[in-house]
Every structure is written in structure tokens, then in C-alpha cells.
Amino acid sequence: MIFLISAALAGPGTVGVLYFQNQGNPELEPLKVGLAQMLTTDLVGAGSARIVERTQLQSIMDELKLGHSAVADKSTAAKLGELLGAEYLVLGSYFSLAGTLRVDARLVRVETGEIIYASGESGTVADFLNLEKKMAGGFRSKLGELLPGIVAPLAAVAADAAAHPVDAVMALSEGLIALDAHELPRARESFQKALVADPRLDEAKSQLAAIAL
């Protein structure tokens, strides 16, 4: 299974987004999955980059018995990159302290381990959606330089879109985790909960639509 996935994706310009590492509040642990999913979606259309779907990443994570683990050590990240056939990986971390959220990420060349680009965003926990979009914008620009092609702008975040972003993305994350465990009723409930918290969370809408097929 691993080698079939790798062969299908192999090639220059392939980018994989690994799960983020939670360095603080345990209540935000599921966020590592939703954050990676949202960034994966937002990187699509960045130059000529080919973005690995999260489900393909998860298949390999499961084969390696890593589950939804954040990958911190270089050797494991390199192995994942090779199995994904990725030229670049996005790795990151986040922590929350006294209502402030800090998210850091870096773009790494798999073959050499070289850090090509790094980005960090800080703000209130309630402003999570804007932090993610700012980070995605920076990565899209960098990928557009590395892998030339049209870089379409991301849709602007509405001024009131941060009303319940963390609640929404946490519910999205829990739904993705349930989906990976093939627990469709729980996944559906979580995605619906995400949309109650933020009706404009397109990722939750997409996941619900996929379940309905």
C-alpha cells in the first residue's frame, strides 16, 4: 500500500503537510489535525505545486502506526516525505498561553532537510482563522516562487468570521479523527457541530458532502 501511494505521487513539486505539534494546552490537541487539513486545502493552487491530500498522508501514517502523531524528529519526517514522494514537507507547531495562540511552520526540502521557508503568526485564540490564512498566504507565495505558476489569491476572511473559529476547527478536527477511524455517525455529528460554530467553514461543508455520497 505504501509503495503504491508513493509511486502515484512521486515527482518534483509535490508538497505534503504533516500534522502540527501541540506544545501547550492539551485541550487544543485535536487542532493539529484540523490545522493541517486547512493548510493543505489553502495551499492548493500555489504555483505548480502538487499538494498531497490528508487522506493519503493518513494512509501512510497508519501503515507506520503513527496514527495522528505530530512528527518532530527529522528521520521520521524524511521517511514520510520519501514514502509520499514529496519534494517538500510543511512541519509546524503551536501553543496557547493566556489566550494568545502562536503558530509556527517551516517548509523543508525532503532530500536535504534544508529549511527553505519559515513563518510564524501570533494572535488571540479567537483569531485562529485569520492566523491560518496569513500563514497560508505566505506559504503560497513561497511555493509560487519555487514552483512557478499562477498563484490565485485566497478568499478574504470576513470581518466577523472569527466569532467561533477555534470551536469550529476543533469540531472539524474531531470529525476528521472520527472519519479516519471509520466512525461515520460521530464524524457527521462533529462536522455539523463545526458548521453551527461557523457556518462558513467550507472544510466542514466539504467533509459532510463527501460522507453523503
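The expected span of a helix is 1.5 Å times one less than its number of residues. Keep that rule in mind for helix α6. One caveat before we start: this is a predicted model.

So, α6. This helix runs over residues 165-180. It has 16 residues, and at 1.5 Å a residue they should span 22 Å. The end C-alpha atoms of α6 are 22 Å apart, so the model agrees with the expectation.

Is α6 enclosed or open? Of its 16 residues, 12 are buried, so α6 is largely enclosed by the rest of the structure. Here is the roll call: P165, V166, A168, V169, M170, A171, L172, S173, G175, L176, A178 and D180. What covers them? The cover includes α2 (31-43), α3, α5, α7 (184-197) and α8 (202-212). Just past the end of α6, H182 takes a positive phi of about 65 degrees.

Next, the core. The largest nonpolar core holds 64 residues. Within this core, V15, F20 and V90 have the most contacts. Helix α6 comes back here: it supplies the largest share of the core, 8 residues. As background, nonpolar side chains in soluble globular proteins tend to be buried together.

Take V15. Which residues does V15 touch, leaving aside neighbours within four places in sequence? The contacts are A49, R50, I51, V52, Y88, V90, L107, L143 and L147. Note V90 in that list; V90 is also among the residues with the most contacts inside the core.

Now α3, one of the elements covering α6. Helix α3 spans residues 54-63, and its buried residues include R54, L57, Q58, I60 and M61. Where do these sit around the axis? They cover an arc of only 165 degrees, which puts them on the same side of α3. Just after α3, K65 takes a positive phi of about 60 degrees.

Last, aromatics. How many aromatic pairs turn up in a search of the whole structure? The search finds 1. The partners are Y117 and F139, with ring centres 5.0 Å apart. Their planes meet at 85 degrees, and edge-to-face needs over 60, so this pair is edge-to-face. Y117 lies in strand β6 (residues 115-124) and F139 in helix α5 (residues 128-146), so the pair ties together parts 22 residues apart in sequence.

Are the two rings' residues buried or exposed? F139 has 0% relative accessibility, so it counts as buried. Y117 has 22%, so it counts as partly exposed. The cut-off for buried is under 20%.

That's the tour.

Methods. Residues are numbered from 1 along each chain as its sequence is written. This is a predicted model: local features need pLDDT of at least 70, side-chain atom pairs count only at pLDDT 80 or more; totals for chains, interfaces and linings use all residues. Side-chain values use heavy atoms; hydrogens and water are left out. A nonpolar core is a set of buried Ala, Val, Leu, Ile, Met, Phe, Trp, Tyr and Cys residues joined through side-chain atoms within 4.5 Å. Buried means under 20% relative accessible area, exposed over 50%, partly exposed in between (1.4 Å probe, protein chains only). Helices (H or I, at least four residues) and strands (E, at least two) are DSSP runs, numbered from the N terminus. Contact means heavy atoms within 4.5 Å. Rings of Phe, Tyr and Trp (its six-membered ring) pair if their centres lie within 6.5 Å; planes under 30 degrees apart count as stacked, over 60 as edge-to-face and the rest as tilted. The arc is that of the directions from the helix axis to the C-beta atoms.
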